Amino acid sequence: MKIKLYIVVAGILLALQIAGHGQNKPAGTPDAKPAAEATVKIDNFSFTPATITVPAGTTIHWTNRDDIPHTVVSDEKTFKSKVLDTDQEFTFTFSKPGTYSYFCSIHPHMTGKVVVQ
Amino acid sequence: MKKIEEPSVAAIAKDEIAHDHNHDGIDRRGFLKCMAWAGTGALVVMKGGVLNSYALNRLGGMKKHDLKGELSFVQISDSHMGFSKPANPDVAATLKAAVDKINALPVAPEFLLHTGDISHLSKPSEFDTVDQILKSASAKDVFFVPGEHDVLNDEGQQYRERYGKGTQGAGWYSFDKNGVHFVGLVNVMNLKAGGLGSLGAEQLEWMENDVRHLSQSTPIVVFAHIPLWTVYPEWGWGTDDSAQALSYLKKFGSVTVLNGHIHQTMQKVEGNVTFHTAMSTAFPQPKPGQAPSPGPMKVPEDQLRTLLGITDVNQVQGKHALAVIDSTLG
């Protein structure tokens, strides 16, 4: 008897889960999915990974681990960080799909790309 | 410690007049070779074929009145005030040591040229500290051009407020000293992704007009932060449109280009143009391609000052080219 109850409860929960995944819930609602986060490391005058592919809505954190300051500036000026000294961070949330090329405005040979799907 | 550049192997091998920069029928490289044999005890300063010689005792006993009519100035670069990492935890101390070095020169320089990266993070306190330290230099006049670290966050507005009096655009300008024409260029603004340093159309146009009417016997000194020749493009060590700038200087018999940015001395002679980069007063950087990136290079503490330094530049009347002498801090 008890096992049957468990199965029924599990089944209901599973059904709710499946229903939940399929919905496009607006952010801020109590049971909305947490926004995706991703990290790009800045070190040795390079962005790692040089190209990062993320789903729309992702917030990317650029962290400077180099011993020299750098910036993160999109080619089309879509986003632009202040100067990041060692251990400082810049974040930007990519809500629109597309390809975003960026570079360090202090050391322009440092380039990177964000592909938002 | 003075660094004297060795003549190229090819130059030593030949016994002919290959370069006649001073138009007096003397081949500098051949002269050097003869000097070595004769053992005349002269300090021969030769950089890539451009030569000036001083009797060894002249440096110690040089008196100002002996050198009337000659021009002497010092280039310093890349003080990066505010930098405080293992490569050099005290860049103020090494800048002070550079000033001490300047003050100990046998011939006091008339002025200083700072080829940029004065500050590390464009902070007001960093600029203030450099100004304060330079006050104790024997030369009171300092001419600046900005490095990329000096124009952060505000498109160089603060830099121009502090050092840009009488300059145009992003901070370019020219002036004359003792018949030598100096051109200060800014190649650290509006840098493009994947690019090198950049002068831009407006500045190039200004420069073309600035030198157009000068006589070809006028010695020219051009100074800018990023090298105006392609040292190592993989690390951004070059300027995209410098060839155009240099084309305006073709007619001049003596052109000296002084740069910084790479934190090591490097020299190239191309026709009438001598290119020279200065050491930093803050921290050394690796030689091209000899490290994964061009960042600050940590060396044993007792070696740091042997890789930092100043550049003494002298014009001797009657000689075409300027003598460029690098000295380290330790």
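This report describes a predicted model with chains A and B, from their contact down to single residues.

**The contact between the chains**

Chain A brings 18 residues to the contact, and chain B brings 17 residues. On the side of chain A that touches chain B, seven residues are nonpolar, six are polar and five are charged.

**Chain B overall**

Chain B has 330 residues, and 44% of them are buried. Its secondary structure comprises eight helices and 13 strands. Take the contacts in chain B with a separation of 6 or more: 66% of them link residues 24 or more positions apart.

**A helix pair in chain B**

Two packed helices are described by the angle between their axes and the distance between the axes. Here the partners are helix α4 (residues 91-103) of chain B and helix α5 (residues 124-134) of chain B. Their axes lie 10 Å apart and meet at an angle of about 30°. Angles under 35 degrees count as roughly parallel, and α4(B) and α5(B) are therefore roughly parallel to each other. The crossing of α4(B) past α5(B) is right-handed.

Which residues make the contact? From α4(B) come A92(B), L95(B), K96(B) and V99(B). From α5(B) come T129(B), V130(B), I133(B) and L134(B). By class, the residues of this contact are six nonpolar, one polar and one charged.

**Strand β12 of chain B**

Strand β12 (residues 309-315) of chain B is mostly covered, with seven of its seven residues buried. Both faces take part. One side of β12(B) carries G309(B), T311(B), V313(B) and Q315(B), and the other carries I310(B), D312(B) and N314(B).

β12(B) pairs with strand β3 (residues 71-76) of chain B. The two run antiparallel and are joined by five bridges. In this pairing, Q75(B) stands opposite T311(B). β12(B) also pairs with strand β13 (residues 323-328) of chain B, again in the antiparallel sense, over six bridges. There, D312(B) has I325(B) as its bridge partner.

**Two sheets in chain A**

Strands of a sheet pair through backbone hydrogen bonds, either parallel or antiparallel. One open sheet of chain A has four strands in the order β2-β1-β4-β6, with mixed pairing. β2 and β6 (89-94) of chain A each have a single partner strand, so one side of each is left without a neighbour in the sheet. On average, neighbouring strands of this sheet are turned by 25° against each other, direction ignored.

Another open sheet of four strands in chain A follows the order β3-β8-β7-β5, also with mixed pairing. Its edge strands are β3 (51-54) and β5 (73-74) of chain A, and each pairs on one side only.

The table lists strand pairs from these sheets.

| Strand pair | Direction | Bridges |
|---|---|---|
| β1 (residues 37-43) of chain A and β4 (residues 58-64) of chain A | parallel | six bridges |
| β1(A) and β2 (residues 46-48) of chain A | antiparallel | three bridges |
| β3(A) and β8 (residues 111-116) of chain A | parallel | four bridges |

Bridge partners give the register of each pair. A38(A) is matched with I60(A) in β4(A). I42(A) stands opposite F47(A) in β2(A), and K41(A) has T48(A) as its bridge partner in β2(A). T51(A) is matched with K113(A) in β8(A).

**Loops with unusual backbone values**

β1(A) and β2(A) form a hairpin with two residues between the strands. N44(A) sits in this loop. Its phi is near 50°, a positive value in a residue other than glycine. Is N44(A) buried or partly exposed? N44(A) counts as partly exposed, because 16 C-beta neighbours lie inside 10 Å, and burial takes 20 or more.

Further along chain A, T48(A) and P49(A) are joined by a cis peptide bond, with omega about 0°. P49(A) belongs to the loop between β2 and β3 of chain A.

Chain B has a positive phi at H261(B), near 75°, and this residue too is other than glycine. H261(B) lies in the loop between β9 (255-259) and β10 (266-270) of chain B. H261(B) is buried, because 31 other C-beta atoms lie within 10 Å.

Conventions. Residues numbered from 1 in each chain as written. Chains lettered and ligands numbered in written order. Predicted model: local features only at pLDDT ≥ 70, side-chain atom pairs only at ≥ 80, totals over all residues. Contact = placed C-beta atoms within 7 Å. Nonpolar A, V, L, I, M, F, W, Y, C, P; charged D, E, K, R; others polar. Buried ≥ 20, exposed ≤ 12 C-beta atoms within 10 Å, placed from the backbone. Axes fitted to C-alpha atoms, helices over the stretch in contact; angles between N-to-C directions. Parallel < 35°, antiparallel > 145°, perpendicular 65-115°, else oblique. Left-handed = near helix turned anticlockwise from the far one by under 90°. Pairing = 2+ DSSP bridges.
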